[in-house]
Amino acid sequence: NNSYISFHRFFIDLYLFRTINNMPKQSAPQLRRTKRRGSGGNNGPIWTMFLMVIGILVIMGVGFLLEMAKQQRHSATTTTTTTTKSMLSQSSSFQHISLLVNSDGLPILPIFAPVPNGKQRAMEVLNGQPSIAGIVHILQTFLKELRKSNQAMVSQGIKDDQLVLENFFRIAKQYLQPFEQTYRGKSIFPVRDDDSIFLSLAAYREHLLADTLEYAFSKAKHPERLFVGAVVQNCFGKVRDDGTIDTTGLPCKTGLQVVGKNQFGRDQTKLSDAPPDVNGIAEFCTKPTMRHYCDHGHIRVLYVHASESLGPTMARYYASKLWHGEPYFVQTDSHLQFAPDWDDKYIA
């Protein structure tokens, strides 16, 4: 292999050049005189210098290209990070987001925004005049009363599992059963005849919720027929006794983090303090290409504190109540990618 031989000879010449230069100084004049008196047949030192210069230039060139690539990657990363941080700061600081109410009259931002005329809308639901806004108010009231009741049990030092369960059924019977009885054996809303799809999403501290929503709409052949019911169960901050939220500092906890190995080679884990979770709904609705769906009733949401989550079954129950008569019902995870024209293929 000629390239290998040339490469090998380059390092031999480099070695000889360094050896000659490191010889005692008294021999240098004799070497220079020999070079001047020579007939020019010995060009080894000249080729050595030439190859050294070429090698240095190559090394410098490669280093320059690597540095340029590194700077470009850093620049792209910085731009992406800046954009992401800007978006997350808008979405996580929910108190700075203006009220966003969809065409159904349901507030979807900021979190836990009360339904306008909520009590009246709830009474209309119980009187057979359903609306998504009225149903959400019923669910919000149930969650609020359950929180207050559980806080009272904690303050009284009650830890009996049976009493906690009985308390849940008492609150559910008071606030959910009347709603269930009103529509038992019949559809809450008339079933449409428009090939629309209802996508049920139960998200628990899910950082990919916004991506899932964007995939669902951007990959759909008919995104105008897609409607989402999302139950967002996040740590929004420290819940005070009066129900307000303190977002200062690091009020939340991470999941288990691997921090090393023990003497047996097994993972060592810990929980760490963390800022409030990013609200995927706010992240999605602040995207210019997706805002339209938030404004026109395609996104329906119920917020639940992660500390008050009752598991996936209850979350799916909440999400099912955000259905508005769509003839097709899809239930998925909230960390999902969608294939192109997935809706058309699903119906077909």
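Start by selecting Cys 294: at 0% relative accessibility, this residue counts as buried. Keep in mind as you click around that this is a predicted model.

From Cys 294, follow the sulfur across to Cys 285; a disulfide joins the two, S to S 2.0 Å. Cys 285 is buried as well, with a relative accessible area of 2%. Look down the S-S bond of this pair and you'll find a torsion of about -90 degrees, so the disulfide is left-handed.

Now add Phe 284 to the selection. Leaving aside residues up to four places away in sequence, Phe 284 touches Ala 210, Leu 213, Glu 214, Phe 217, Met 290, Tyr 293, Cys 294 and Ile 299. So you're back at Cys 294, one of those contacts.

Phe 284 is also a way into the largest nonpolar core, which has 65 residues. Select Phe 142, Val 228, Ile 281, Ile 299 and Tyr 318 along with Phe 284: these six touch the most other members. Then colour helix H5, residues 132-155, which supplies the largest share of this core, nine residues.

Next, the other disulfide, since the count comes to two. Select Cys 235 and Cys 252, whose sulfur atoms sit 2.0 Å apart. This pair links distant parts of the chain: Cys 235 lies in the loop between strand S4 (226-234) and strand S5 (238-239), while Cys 252 is in strand S7 (residues 252-253), 17 residues apart. Torsion about this S-S bond is about -90 degrees, so this disulfide is left-handed. Cys 235 counts as buried at 13% relative accessibility, and Cys 252 is buried at 2%. Counting bonded cysteines along the chain, the pattern reads 1-2, 3-4.

Time for some charges. How many salt bridges does a search of the whole structure find? There are 15. Zoom in on Glu 326, which is buried with a relative accessible area of 2%. Its side chain meets that of Arg 192 in a salt bridge, 3.2 Å from N to O. Glu 326 sits in the loop between helix H11 (312-320) and strand S12 (328-332), and Arg 192 in the loop between helix H7 (177-182) and strand S3 (197-204), 134 residues apart. Arg 192 counts as partly exposed, at 24%.

Stay on Glu 326 and pick Arg 300: here the closest N and O atoms are 2.7 Å apart. Both of these partners are buried. Add Asp 194 and you have one network, in which salt bridges that share partners join Arg 192, Asp 194, Arg 300 and Glu 326.

Last stop: Asp 246 and Arg 240, a salt bridge with its closest N and O atoms 3.9 Å apart. Arg 240 is partly exposed, at 37%.

Terms used:
Residues are numbered from 1 along each chain as its sequence is written. This is a predicted model: local features need pLDDT of at least 70, side-chain atom pairs count only at pLDDT 80 or more; totals for chains, interfaces and linings use all residues. Side-chain values use heavy atoms; hydrogens and water are left out. A nonpolar core is a set of buried Ala, Val, Leu, Ile, Met, Phe, Trp, Tyr and Cys residues joined through side-chain atoms within 4.5 Å. Buried means under 20% relative accessible area, exposed over 50%, partly exposed in between (1.4 Å probe, protein chains only). Helices (H or I, at least four residues) and strands (E, at least two) are DSSP runs, numbered from the N terminus. Contact means heavy atoms within 4.5 Å. A salt bridge is a side-chain nitrogen of Lys or Arg within 4 Å of a carboxyl oxygen of Asp or Glu. A disulfide is a pair of cysteine sulfur atoms within 2.5 Å.
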